[in-house]
Amino acid sequence: MAVVYEQLVPVLFGTDALQAMSTKAKELNKKRAFICCDKGVRQAGGADAVEAVLKNAGLETYVFDECMPDPTDTFIEGVFEKAAMWKADFVIGLGGGSPMDTAKSVGVLLDNGKPLNKYMAENDSPGFEVRTPVYVIPTSAGTGSECTPMCVIHEMASDRKKTVLRSATLAVLDPTLTVTCPPSVTVNSGMDALSHAVEAYTSVAPNPKDKILAINAIRLIAENLPRCIDNPADLEARTNMLFASNIAGIAFAAMSVHVGHLFAHEIGLRYHLNHGYCCGISVPETIEFVADYKGTEIREIGEAIGCDVSTEVSDRKAAAQVAEAVRALMRRCGLKTMKECGIDRDEMLTFAAAAVHNGWFHVMCPGDVSYEQMKKFFAACYDHYQ
């Protein structure tokens, strides 16, 4: 069967990428840059560094440093009003997935006006204009949002996570910006990237280019995430992790995620947990969930993370070994258990049906994803990582 593969967003990558952005910004011939970030990124000096580069390119800047995790449509509409009042003609998303999704969504509203939920794919978006350039600059290595068209937004009216499909104009990946990531952010974001790579590699829509990206992302994460935890200033490990996050994002933009993200979106929404954390907890269970359909891929994942899986064992036993190797990586890097996060197991299980109903990712998962299967998946995520 013929497949199509492509990359949505050009990438400026390297330890001097932020400085090199000055040249790219000048080419836009824009005047007023609106920067979306959170207070943590601003306090770490990221916003100051970006402002300096943009001012060198001749732009005026406005820093909005109140981005929220899992942004809502009504929140983003408020950010848009600030950007419009300031007459922004260029938007920057600086930080993790939420500031980047906020920036891309503000770009949609600057070009098309409110309400944001009109442009959500799940609401039968009529399409929209894309004129305002949006640069995205990750300061953690995990989301991959810089190279996907997805803006994940909490729609308040339905109390569901939905998507606005708007790609960035340019992704600027400078690993020096990730060195200040605290351990919790480093492990959550790293496991987020691993979930993207594992789910993409085992989806029902593979293509040869993006499978290469996904399996190499898995290898890089297994080798470098512990190094980043042990020595946050290890620039080589940070560079490898940022590259792994990026290529995992490119891979899942093309091949999609599936069952783990059904779990992660619902649990993240209900308990306001970090998205990368929720994705990370689901990785071992995703590996076991698809074992009957993706035995070869699971063994290849095992090899990539350094798990010696015998050719003599069944696919299910192989998946169990690989899943346990991932759990060992999670423990090694200090990923919290759900119990440590204060989650009540019985209450959590009541959200399994909503996970299937509210998400569409199940169509990309090998095999059917029923309510009963999802409930078992939820329970396994809680019970198997203690």
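# Cavities, pockets and salt bridges: worked exercises

The largest cavity has 15 residues in its lining, and those nearest its centre are K161, H265, N358, G359 and F361. A cavity is a set of points on a 1 Å grid over the protein atoms alone where a 1.4 Å probe fits but cannot get out, and lining residues have an atom within 4 Å of a point.

Before you start: this is a predicted model, in which local features need pLDDT of at least 70, side-chain atom pairs count only at pLDDT 80 or more, and totals for chains, interfaces and linings use all residues. Residues are numbered from 1 along each chain as its sequence is written, and side-chain values use heavy atoms, leaving out hydrogens and water.

**Exercise 1.** Find which element gives the most to the lining of the largest cavity.

*Solution.*
- Step 1: The structure holds 2 cavities of 30 Å³ or more, and the largest cavity has about 140 Å³ of space. A volume here is the space filled by probe spheres set on grid points joined across faces, edges and corners.
- Step 2: Two or more lining residues come from each of β7, α9 and α14 (352–358). Helices (H or I, at least four residues) and strands (E, at least two) are DSSP runs numbered from the N terminus.
- Step 3: α9 gives the most, with 5 residues.

**Exercise 2.** Now try the largest pocket: which residues are the closest to its centre?

*Solution.*
- Step 1: The largest pocket has about 1100 Å³ of space. A pocket is an open set of grid points with protein on both sides within 12 Å along at least five of seven lines.
- Step 2: Of its 50 lining residues, G96, G97, S98, S140 and N274 are the closest to the centre.
- Step 3: Elements supplying at least two lining residues each include α2 (39–43), α9 (259–271) and α10 (275–289). The largest share, 6 residues, comes from α6.

**Exercise 3.** Work out where K39 and D65 lie, and what their salt bridge ties together.

*Solution.*
- Step 1: The two side chains meet at 3.2 Å, N to O, which fits the rule for a salt bridge (a side-chain nitrogen of Lys or Arg within 4 Å of a carboxyl oxygen of Asp or Glu).
- Step 2: K39 lies in helix α2 and D65 in the loop between β3 and α4 (73–85), so their bridge joins parts that are 26 residues apart in sequence.
- Step 3: K39 is partly exposed, because its relative accessible area is 43%, whereas D65 is buried at 14%. The cut-offs are under 20% for buried, over 50% for exposed and in between for partly exposed (1.4 Å probe, protein chains only).

**Exercise 4.** Decide whether R327 is buried or exposed, and name the network of salt bridges that R327 belongs to.

*Solution.*
- Step 1: R327 and E285 form a salt bridge at 2.9 Å, N to O. The pair links distant parts of the chain, with R327 in helix α12 and E285 in helix α10, 42 residues apart.
- Step 2: R327 is buried, because its relative accessible area is 3%, and E285 counts as buried at 6%.
- Step 3: The network links E285, E288, E324, R327 and R331.

**Exercise 5.** Locate T337 and list which residues T337 touches.

*Solution.*
- Step 1: T337 sits in the loop between α12 (315–333) and α13 (345–349).
- Step 2: At 8% relative accessible area, T337 is buried.
- Step 3: Leaving aside residues up to four places away in sequence, T337 touches Y277, Y385 and Q386. Contact means heavy atoms within 4.5 Å.
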